[in-house]
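This report covers the surroundings of two ligands and a set of charged side-chain pairs. The sequence and structure are shown first.

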Amino acid sequence: MNSCSSLGIGLAGFGTVGSGVWNILHRNGGLITDRTVGGVSLHIPKILVRDRSKVRATISEVPADILTTDWQELVADPAVEIVVELIGGTTDAFEIVAAALRAKKPVVTGNKALLAERGVELFALSREMDTPIHFEAAVAGGIPIIRTVQDSFIGNRIHSFSGIINGTSNYILGRMTDAGLDFAAALAEAQDLGYAEADPALDVNGWDAAHKAILLATLAYGFPINPADVHVSGIEQVKPTDISFAKELGYVVKLLAVIREKADGQVELRVQPSFIAKTNILASVHGVFNAVAVHGDAAGESLFYGRGAGQDPTASSVVADLVEAARSLQHAAGHRGFLPYKESGKLVPVSETSTAYYVRFDVTDRPGVVAEIAKVLADHRIGISGIHSPVDPANPDAEFVDMVFLLHTCPFGQLQTALSEIGGLDCVNSVPVVFRIESLG
Ligand code: NAP
Ligand code: HSE
């Protein structure tokens, strides 16, 4: 058994993840002490919540006097040596993290929205105060992808990442596919299981995955990325028709993040629902699981797979960061967090990114519709590899129908120009829905 003095953790947020951290420290605290040189021991003298009277489901009793609703009290408490931010959002969370850094207290956070939206300010403060921000839990829940990229792949030029990095949307797509649930019912299940964000719009509109993709790209390429420059679309527009049509063609629909460094150093970064071949390994990532494929010039292809959301997996990553922060404090090891190392870099404009596409049109079913759409596509030099108009057995004579076109690879900008022209045709009733067809390595 190691001998040690205990470090105090200020836990800001005691919801799904925060209470998971409490549970792990109470369940496995002794194991952590035994496994760490010098014997890291952690305790929680202060917890920030919104509502002190709420009943908390934890494995051991939480003394009422350690709960506070005042974040300044938590950060200033001399017993708090490391601050964990698990309240979410980008306002109060920002104040807490900034105050902790100013007080030279290392920060651990799972808040990808905060770091993707306001990371420039916070990493600058981290550098100025020589105090780290650790954020393993911010990307892919329980998968240790941050440390892998930061440490294990440090000798690699990272050519690409592709992955499923939002558990909620993967869970929803799976339940729609396997159990025939509608979108709202599948989302409600994901919320009950503690997978979704406090604002689940971020899960379904693709932005939670985009925040994570921004963090991965910043880790790999070193420069801050403006979220406004990232092309993001979510799963709100996925209909059962798309899922069953993908299946017929040998694909599955996944919300995919793609990050690639081009030969000229520009970085392609996009998140969108995509058709991927059912034989691709990412097609077998189901439910809340995430997977990130990383291609390094030295290591080649590696795949990281695990639970991407939920209480214990996410808290597992937070605890790993806590131990890392504690080790640095105990051994005066200096800054062990991440800092962007380039001031700027360039993203490839989305209009220049090329894939094949699946496009669903809502059309008035009359003779000549296919020819009208096909003519515009031909005018824009976009090849067609398939056309399909599924008949609704419940309404075979419907006036308005879905019509699906599979299109050959072309730049997205070329497709957008064609689609805006097609959108002006009388027979097309709403904005066409586009999914990428990805051919992954
Ligand atoms: P949550 O269940 O909604 O818990 C949030 C906690 O923060 C609650 O304890 C709440 O207090 C407290 N809180 C919120 N706003 C506050 C404020 N302004 N002042 C004081 N306390 C406040 O959230 P969560 O799912 O644990 O997620 C926390 C963070 O981890 C988020 O950034 C999320 O993106 C990230 N994350 C979550 C997961 C996941 O699977 N859930 C996975 C990875 C990362 P009350 O309890 O009193 O309401
Ligand atoms: N809401 C997020 C997800 C939590 O579903 O992936 C994990 O970051």
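Which backbone atom of Gly 167 lies 2.7 Å from ligand 2, and from what kind of ligand atom? In this predicted model, a backbone N or O atom of Gly 167 lies 2.7 Å from an oxygen atom of ligand 2.

**Ligand 2**

Two side chains also make polar contacts with ligand 2. The side chain of Thr 168 places an N or O atom 2.6 Å from an oxygen atom of the ligand. For Asn 166, a polar side-chain atom is 3.4 Å from an oxygen atom of ligand 2. On its own, ligand 2 has 260 Å² of accessible area, and the protein covers 95% of this.

The shell around ligand 2 consists of Lys 112, Asn 166, Gly 167, Thr 168, Tyr 195, Ala 196, Glu 197, Asp 203, Asp 208, Lys 212, Gly 308 and Ala 309. By residue class, this shell has 3 nonpolar, 4 polar and 5 charged members. At least two shell residues come from helix H6 (167–178), and at least two from helix H9 (207–221).

**Ligand 1**

Around ligand 1 there are 24 residues, of which Asp 51, Lys 54, Arg 56, Glu 197 and Gly 310 come nearest. These 24 residues comprise 8 nonpolar, 9 polar and 7 charged ones. Glu 197 is also listed among the residues around ligand 2.

What lies 2.6 Å from an oxygen atom of ligand 1? The partner is an N or O atom in the side chain of Glu 197. A nitrogen atom of ligand 1 is 2.8 Å from an N or O atom in the side chain of Asp 92. The backbone takes part through Phe 14, where a polar atom is 2.8 Å from an oxygen atom of the ligand. Taken alone, ligand 1 exposes 900 Å², and 86% of that is buried by the protein.

**Salt bridges**

The count for the model comes to 20 salt bridges. Three of the pairs are tabulated here.

| Side-chain pair | N to O distance |
|---|---|
| Lys 262 and Glu 268 | 2.9 Å |
| Glu 268 and Arg 270 | 2.7 Å |
| Arg 336 and Glu 324 | 2.9 Å |

Which residues are linked with Glu 268 in a network of salt bridges? The network consists of Arg 260, Lys 262, Glu 268, Arg 270 and Glu 438. Within this network, Glu 268 pairs with Lys 262 and also with Arg 270. Glu 268 has a relative accessible area of 2%, so it counts as buried. Arg 270 is likewise buried, at 1% relative accessibility. Lys 262 has a relative accessible area of 34% and is therefore partly exposed.

The third tabulated pair joins Arg 336 to Glu 324 at 2.9 Å. Arg 336 is in the loop between helix H11 (311–330) and strand S13 (354–364), whereas Glu 324 is in helix H11, so the salt bridge ties together parts that are 12 residues apart in sequence.

Is Glu 324 buried or exposed? Its relative accessible area is 10%, so Glu 324 is buried. Arg 336, at 34% relative accessibility, counts as partly exposed.

Notes:
Residues are numbered from 1 along each chain as its sequence is written. Chains are lettered from A and ligands numbered from 1 in the order in which they are written. This is a predicted model: local features need pLDDT of at least 70, side-chain atom pairs count only at pLDDT 80 or more; totals for chains, interfaces and linings use all residues. Side-chain values use heavy atoms; hydrogens and water are left out. A residue is near a molecule or strand if one of its heavy atoms lies within 4 Å of it. A polar contact is a pair of N or O atoms within 3.5 Å; within protein, one must be able to donate a hydrogen and the other to accept it, and residues adjacent in sequence count only if both atoms are side-chain atoms. Accessible areas come from the Shrake-Rupley method with a 1.4 Å probe; for residues, only the protein chains shown count as cover. Ala, Val, Leu, Ile, Met, Phe, Trp, Tyr, Cys and Pro count as nonpolar, Asp, Glu, Lys and Arg as charged, and the others, Gly among them, as polar. A salt bridge is a side-chain nitrogen of Lys or Arg within 4 Å of a carboxyl oxygen of Asp or Glu. Buried means under 20% relative accessible area, exposed over 50%, partly exposed in between (1.4 Å probe, protein chains only). Helices (H or I, at least four residues) and strands (E, at least two) are DSSP runs, numbered from the N terminus.
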